[in-house]
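User: I'm new to this structure and would like a close look at a single part of it. Could you pick one helix, show me how it sits in the whole, and zoom in on one of its residues?

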Amino acid sequence: MREKKKVLQALFVVCAAFVLIFAVKKADQPGSVQIQEETVTMAGIRHSYDFFLIADTHISLCDDRDPGLIEKAQTRREAFARESKKTAVRTFHNLITQSNRSDADLTIFAGDITDSAMYASIDFVQKEIDRLSMPYLYVTGNHDFEYGKEYFSKKAYNKYFPRLKNLTKTSQQYAIYEFDDLIVAGLNDKNNQFDKQAVQALLPYVKGKKPVILVTHVPLQPQYQDSPLEQQANDIWGLSEHGRCRVLLGETACGPNQTTQRLLDAVFAKDSAVAAVFAGHIHFYHRGMLNDTSVQLVTGAGYYGDAVLIHVRASS
């Protein structure tokens, strides 16, 4: 009897080891995803909401419609695959599937979904987004409508941004999705700044009474000196040649112009309606306070399979 018990224990250990090995291998499969869950309590809302946040999937597909970018697209696609050990297109497909499974109220794309405004990338993303079972809000990042050497140029904004119109569902540089008691407002990135007309359109919401979730590609610099977010960003991305944080938007980081500063002043005002900021860009996950009242959630890189399911609940 004792020998039989030992055999059974040994079999259990072996089976457990195989299960663990299988789980590890499955987690490392191309296209596997890791969903971080967070809960944010918010004053001024009556309902509960779930948001699925995706950014930085960097889809880099190209065909003969963009012949001059085929080599660059392949180089970028292979670089992301080497880094993540995953296939970006399969990962994106799985993120969309996971968003549907989450039954979220809104899927939020916070920029750099495509790695360039190539027709093949846009078509692929559109086909996948069409699978969503819920509405979505799409904010563009610094890579979404770059094109070859046209990066942060007027030509990129004027010629290639219109290619994304079906994805963003607007020709404007902002997007708004409004619930009964909550507003989700997105601002496109424009060389680490915001468009003047977009800021003018969003200011009434930011200064209004209904709570606002602001979606930007570049995270905002917290109003605390040496914040954990800024320290980690500097460790990973390094400082600019002028000794500033390279990947956050703020006074001692990517310096805002007059228009962008106008929006930031409203966001950080004591009577601001902005209760939370959702962002991407930095390729690592972070949750922290922007000031005494607003929380910021930043998702990790989507090409790694990272996303965040955010539960927004009314504060008691």
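Analyst: Let's start with how the chain is tied together: of the contacts with a separation of 6 or more, 76% join residues that are 24 or more positions apart. Keep in mind that this is a predicted model. The secondary structure adds up to nine helices and eleven strands. The radius of gyration is 21 Å, which agrees with the value near 20 Å that a compact globule of 316 residues would have. Buried residues make up 51% of the chain.

Now for the part to zoom in on: helix α4, residues 119-129. Is α4 mostly covered or not? Mostly covered, with eight of its eleven residues buried. Those buried residues are A120, S121, I122, F124, V125, Q126, E128 and I129. As for what lies over them, the cover includes helix α3, strands β3 (106-110) and β4, and helix α6 (165-168).

Next, the core. In general, nonpolar side chains in soluble globular proteins tend to be buried together. Here the largest nonpolar core has 34 residues, and V125 and I129 are among those with the most contacts inside it, along with F92, F109 and Y138. Helix α4 is one of the elements that give two or more residues to this core; others include β2 (49-54), α2 (70-84), α3 (88-102) and β4 (136-139). Apart from this core lies another, of 26 residues, with Y49, A55, F278 and I310 among them.

F109 is a handy way to see how α4 links up with the rest. Leaving out residues up to four places away in sequence, F109 touches I129, and also I54, F92, I96, L132, Y136, L137, Y138 and V139.

Finally, a single residue of the helix: A120, which lies in α4. Why does A120 count as buried? Because its relative accessible area is 14%, and the cut-off for buried is under 20%. Which residues does A120 meet, once its neighbours within four places in sequence are set aside? They are L61, C62, D63 and R65. Take R65 from that list: A120 and R65 are 55 residues apart in sequence, yet their C-alpha atoms are 8.0 Å apart in space.

So that's α4: a mostly covered helix, with V125 and I129 among the residues with the most contacts inside the largest nonpolar core, and with A120 in contact with L61, C62, D63 and R65.

Note on methods:
Residues numbered from 1 in each chain as written. Predicted model: local features only at pLDDT ≥ 70, side-chain atom pairs only at ≥ 80, totals over all residues. Heavy atoms only, no water. Helix = DSSP H or I, 4+ residues; strand = E, 2+ residues; numbered from the N terminus. Rg over C-alpha atoms; globule rule 2.2 N^0.38 Å. Buried < 20%, exposed > 50% of the residue type's maximum accessible area, 1.4 Å probe, protein only. Contact = heavy atoms within 4.5 Å. Core = buried A, V, L, I, M, F, W, Y, C linked by side-chain atoms within 4.5 Å.
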